[in-house]
Amino acid sequence: MVDEDAFEVLLISPQRKGKGLLFPKGGWEKDETIEDAAQRETVEEAGVRGEVECKLGTWYFENKSGDTAYEGHMFPLFVTEQLDSWPEKEIRERTWMNVCEARRLCQNGWMKEALELLVSRLTSQSKRTKGELYPGIERTSSGRATILPLGCRAQLLSLPLPSSTEEA
């Protein structure tokens, strides 16, 4: 069993400064798989690369004005590389923190639900091994990519469904 204090999660600041933090999220292009979109968005917004693991679930949410609804697919990403420079470095801050801090600082309820699901999976007392739950966690090139006494850094990210409208 892994204690939730054994790993950290990465949250980023919103593009427009406001209260709270969030997990990277973004669009899913028609010509890419959802896993490729997850990798791309995480590099663009948080400047990290890693292994996209088993989908946590699907959540529905609205934009701030409440006039558009989205369907978000949440995945954990076990980080294997943290970049010094990334596309949104000038407009976003990234912060590694423990689960308790993430619960307190994450601004979206549906993202908090995804975090709880990740924590539940990683701390489960079931007979399934963590390797069965997340095939990538046994493969490691750094202390951030494994669930061992050294800990794990897990990145959650969400992707809405691809746009169904073509731009002319």
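Start by selecting Arg 16, Leu 22, Lys 25, Phe 61 and Lys 64: they lie nearest the centre of the largest pocket, which has 18 lining residues. Here a pocket is an open set of points on a 1 Å grid over the protein atoms alone, where a 1.4 Å probe fits, with protein on both sides within 12 Å along at least five of seven lines; lining residues have an atom within 4 Å of a point. This is a predicted model, where local features need pLDDT of at least 70 and side-chain atom pairs count only at pLDDT 80 or more, while totals for chains, interfaces and linings use all residues. Residues are numbered from 1 along each chain as its sequence is written, and side-chain values use heavy atoms, without hydrogens and water.

Next, pick out helix 1, residues 34-46, a DSSP run of H or I with at least four residues. How far apart are its end C-alpha atoms? They are 17 Å apart, which agrees with the 18 Å that its 13 residues should span at 1.5 Å a residue, the expected span being 1.5 Å times one less than the number of residues. Colour its buried residues (under 20% relative accessible area, 1.4 Å probe, protein chains only): among them are Ile 34, Ala 37, Glu 41 and Glu 45. Just after helix 1, click on Gly 47, whose phi is positive, near 70 degrees.

Finally, show the cysteines. Cys 106 is buried, at 3% relative accessible area, whereas Cys 54 is partly exposed (from 20% to 50%), at 34%. Don't look for a disulfide (two cysteine sulfur atoms within 2.5 Å): the count is 0.

Terms used:
Helices (H or I, at least four residues) and strands (E, at least two) are DSSP runs, numbered from the N terminus.
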